[in-house]
Amino acid sequence: MQKLIITAALTGAEVTRERQPNLPITPEEIGEAAYEAYKAGASIVHVHARDKDGNPVQDYEVYKQIKEEIEKRCPVIFQPSTGGATWHTPEERLQPVELKPEMATLSAGTCNFGADVFMNSQEYMEKFAQKMKELGVKPEIEVFEKGMINNALALAKKGLVDTPIHFDFVMGVPGAITGELRDLLYLVDSIPSGSTWTVAGIGRYELPLAIAAIMLGGHVRVGFEDNIYYKKGEIATSNAQLVERIVRLAKELGREVATPDEAREILGIKK
Ligand code: KMH
Ligand code: ZN
């Protein structure tokens with residue numbers, strides 16, 4: 001089995017300081033959280049930018065500062081979001097890709113997202129994929145529903161996404177696929193062999209899906225974007241605390257944890 005790639009989704013676009021007092025918001029705080037997560041065992045950090053008031057933004061300049069704050073601290077893979085928040089325009093969402101990060105997310109379809117709709121038309125999926133290909137950015141295909149796998153395969157067929165594809169199954173967003181084990185098995189069974197996949201279980205789904213991914217040969221995403229609790233009723237103290245638990249579980253289950261360079265090799269990212 002491949003070594004386990006752990007992604008820390010540090011901030012997200014939706015969680016507030018009111019709900020999670022330890023949420024990193026400024027570029028310095030995100031840089032420090034990335035370093036702590038890296039020391040704990042994360043090889044990728046998935047990042048959303050915020051302004052000074054904590055509002056989600058997709059500004060090139062803020063992502064540039066975050067990238068610098070991370071890179072001066074550690075060699076973890078920087079993976080900015082092109083999903084942003086549901087109200088961001090596609091043009092805003094694409095801005096961090098101009099930084100030529102090693103990776104970026106690429107959402108592969110439209111779905112309900114709580115009370116909102118997360119819009120990803122075919123036109124814009126193709127534009128995002130084209131831009132990432134041009135700039136040599138490895139896409140992580142975000143899958144919120146099974147049909148999004150088909151959309152990603154269509155992008156690959158058109159030559160806009162290279163194979164093997166790396167998928168992230170985001171499971172448990174209200175309005176999209178739930179995070180039951182049967183849902184995960186269905187998604188894993190639906191991707192071409194040779195693909196890589198990680199799972200981001202939302203809220204209470206985070207831990208059971210992570211354990212399943214460790215056992216099935218997938219990879220794991222944890223962090224405040226997806227889940228703010230360590231356990232029921234107990235707020236997590238840091239993103240690193242959530243990463244540490246995955247490292248402990250992986251050791252118990254006999255799965256080695258990948259360094260950032262090992263993750264690059266598994267994902268086919270040239271440094
Ligand atoms: N915040 C969500 C609407 C991504 O980062 O690529 C979209 C999202 C996906 O978080
Ligand atoms: Zn995200």
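A molecule sits in a pocket if more than half of its atoms lie within 2 Å of the pocket's grid points. With that in hand, here are four close-ups of this predicted model.

**View 1. Ligand 1 at home in the largest pocket.** By the criterion above, ligand 1 sits in the largest pocket. Thirteen residues are worth looking for here: of the 13 residues around ligand 1, those that come nearest are Glu14, Ser81, Gly84, Thr105 and Glu225. Sorted by class, this shell holds two nonpolar, eight polar and three charged residues.

**View 2. Polar contacts of ligand 1 with Gly84, Thr105 and Glu225.** Start at Gly84, where a backbone N or O atom lies 2.7 Å from a nitrogen atom of ligand 1. Thr105 brings in its side chain, with a polar atom 2.7 Å from an oxygen atom of the ligand. In the side chain of Glu225, an N or O atom is 3.0 Å from an oxygen atom of ligand 1. Of the 300 Å² that ligand 1 exposes when taken alone, the protein buries 98%.

**View 3. The zinc ion (ligand 2) and its donors.** Three residues coordinate the zinc ion at 2.1 Å: His46 and His48, each through NE2, and Glu225 through OE. Along the chain, these donors follow the spacing H-x1-H-x176-E. Because His46 lies in strand E2 (residues 44–47) and Glu225 in the loop between strand E12 (219–222) and strand E13 (229–231), the pair ties together parts that are 179 residues apart in sequence. You may recognise Glu225 from the previous view, where its side chain contacts ligand 1.

**View 4. Two backbone details in loops.** Most residues other than glycine have a negative phi, and most peptide bonds are trans. Thr163 and Pro164, however, are joined by a cis peptide bond, with omega about -5°. Pro164 belongs to the loop between helix H5 (147–157) and strand E10 (166–171). Lys100, though not a glycine, has a positive phi of about 50°. Look for Lys100 in the loop between helix H3 (90–94) and strand E6 (103–107).

Methods:
Residues are numbered from 1 along each chain as its sequence is written. Chains are lettered from A and ligands numbered from 1 in the order in which they are written. This is a predicted model: local features need pLDDT of at least 70, side-chain atom pairs count only at pLDDT 80 or more; totals for chains, interfaces and linings use all residues. Side-chain values use heavy atoms; hydrogens and water are left out. A residue is near a molecule or strand if one of its heavy atoms lies within 4 Å of it. A polar contact is a pair of N or O atoms within 3.5 Å; within protein, one must be able to donate a hydrogen and the other to accept it, and residues adjacent in sequence count only if both atoms are side-chain atoms. Accessible areas come from the Shrake-Rupley method with a 1.4 Å probe; for residues, only the protein chains shown count as cover. On a 1 Å grid over the protein atoms alone, a cavity is a set of points where a 1.4 Å probe fits but cannot get out, and a pocket is an open set with protein on both sides within 12 Å along at least five of seven lines; lining residues have an atom within 4 Å of a point. Ala, Val, Leu, Ile, Met, Phe, Trp, Tyr, Cys and Pro count as nonpolar, Asp, Glu, Lys and Arg as charged, and the others, Gly among them, as polar. Donors are N, O and S atoms within 2.8 Å of the metal (3.2 Å for Na, K and Ca); water is not among the atoms, so sites may look incomplete. Helices (H or I, at least four residues) and strands (E, at least two) are DSSP runs, numbered from the N terminus.
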